[in-house]
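Here is a small set of exercises to work through with the model open in your viewer. Try each task before you read its solution.

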Amino acid sequence: MSSENSANLIGRIKEKLIESKENWAREGRLLTGKEADPRQERLPPGQRRVENWPVLDLGIQPDISAQTFRLDIDGAVANPLSLSYEHLMALPQHESVSDIHCVTQWSRYDNHWQGVAARTLLDLVRPRSDARHVIFHSYDGYTTNIRLDQFAEPEVLLAHSWEGRPLERAHGGPLRVVVPRLYFWKSAKWIRRIELTSVDRPGFWEVRGYHNNADPWREERYG
Ligand SMILES: Nc1nc2c(c(=O)[nH]1)N[C@H]1C(S)=C(S)[C@@H](COP(=O)(O)O)O[C@H]1N2
Ligand SMILES: [Mo]
């Protein structure tokens, strides 16, 4: 098979996968109709625990070296930044332990993350008074959106390490977002740009039927 044909084939397989998830969203698959209090129930409704760590992406795992890596933080900010990997590592470092909750029903407890806290970055860029939303842009073309107040929670990290080791490329290395209180599709891997905006803009899965807010305890799987 020529390389052009195999690229087309991979493209079609990817489209099928994306389509089947859109269908799940339309049919409301996996919904239990329950709601839980996160202070009382660690496992959100409809989730089950796994010990492994599944990999989910759009079929592309960009290969970004520490040398070429860049993180831009811009938009509705007083002081836009473009950080190298070296610069990021020189910022105050933060550790957090949190659970992963994926919309496809698996949860993984006690992940030890290391990186730079979202708050550290916000202090540096200084959001303008009209900033309300955050759009993540990744090296693979993926986007996802959260509110600025959700991004500013103390446990939100730009993580470069997991369990004391550099984050694997498959899981978003060199740098990924970790937003523990929302379904994991909000945690952009291979992060390239953090854009602050006054107006919300739904991301890749949000325009394909996933919920805009994504709170696992309220089962906000689909919007
Ligand atoms: N850049 C990028 N980030 C992404 C995705 C993606 O396809 N590209 N998939 C999202 C989804 S749907 C999930 S469930 C998690 C999966 O992260 P993991 O592969 O480390 O488990 O990454 C999220 N972040
Ligand atoms: Mo996902």
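**Exercise 1. Work out how ligand 1 is held.**

Solution. Keep in mind that this is a predicted model.

Step 1: Begin with the backbone. A polar backbone atom of L58 lies 3.4 Å from an oxygen atom of ligand 1, which falls inside the 3.5 Å cut-off for a polar contact.

Step 2: Move on to the side chains. In W53, a polar side-chain atom is 3.0 Å from a ligand oxygen. For K189, an N or O atom of the side chain is 2.6 Å from an oxygen atom of ligand 1.

Step 3: Now ask how much of the ligand is covered. On its own, ligand 1 exposes 530 Å², and the protein buries 99% of that area.

Step 4: Widen the view to the neighbours. There are 20 residues around ligand 1, with P54, D140, H171, R176 and K189 coming nearest. Sorted by class, this shell holds 13 nonpolar, three polar and four charged residues.

**Exercise 2. Find the pocket that hosts ligand 1 and describe its lining.**

Solution. Step 1: Locate the site. Ligand 1 sits in the largest pocket.

Step 2: Size it up. The largest pocket encloses about 480 Å³ of space, and 29 residues line it, with K21, L56, D57, Y142 and W205 closest to its centre.

Step 3: Look for the main contributor. Helix α1, spanning residues 3-27, gives the most to this lining, namely five residues.

Step 4: Classify the lining. The largest pocket is lined by 17 nonpolar, six polar and six charged residues.

**Exercise 3. Characterise the second largest pocket.**

Solution. Step 1: Take the volume, which is about 290 Å³ for the second largest pocket.

Step 2: List the residues at its heart. Of the 14 that line the second largest pocket, Q150, E153, R181, L182 and D215 lie nearest its centre.

Step 3: Sort by class. The lining of the second largest pocket has six nonpolar, two polar and six charged residues.

**Exercise 4. Track down two backbone features worth checking, one in a peptide bond and one in a phi angle.**

Solution. Step 1: Check omega. The peptide bond between G173 and P174 is cis, with omega about 15°. P174 belongs to the loop between β9 (165-166) and β10 (176-178).

Step 2: Check phi. L30 has a positive phi near 80°, although this residue is not a glycine. L30 is found in the loop that runs between α1 and β1 (48-49).

Definitions and conventions: Residues are numbered from 1 along each chain as its sequence is written. Chains are lettered from A and ligands numbered from 1 in the order in which they are written. This is a predicted model: local features need pLDDT of at least 70, side-chain atom pairs count only at pLDDT 80 or more; totals for chains, interfaces and linings use all residues. Side-chain values use heavy atoms; hydrogens and water are left out. A residue is near a molecule or strand if one of its heavy atoms lies within 4 Å of it. A polar contact is a pair of N or O atoms within 3.5 Å; within protein, one must be able to donate a hydrogen and the other to accept it, and residues adjacent in sequence count only if both atoms are side-chain atoms. Accessible areas come from the Shrake-Rupley method with a 1.4 Å probe; for residues, only the protein chains shown count as cover. On a 1 Å grid over the protein atoms alone, a cavity is a set of points where a 1.4 Å probe fits but cannot get out, and a pocket is an open set with protein on both sides within 12 Å along at least five of seven lines; lining residues have an atom within 4 Å of a point. A molecule sits in a cavity or pocket if more than half of its atoms lie within 2 Å of its grid points. Ala, Val, Leu, Ile, Met, Phe, Trp, Tyr, Cys and Pro count as nonpolar, Asp, Glu, Lys and Arg as charged, and the others, Gly among them, as polar. Grid points are joined across faces, edges and corners, and a volume is the space filled by probe spheres set on the points. Helices (H or I, at least four residues) and strands (E, at least two) are DSSP runs, numbered from the N terminus.
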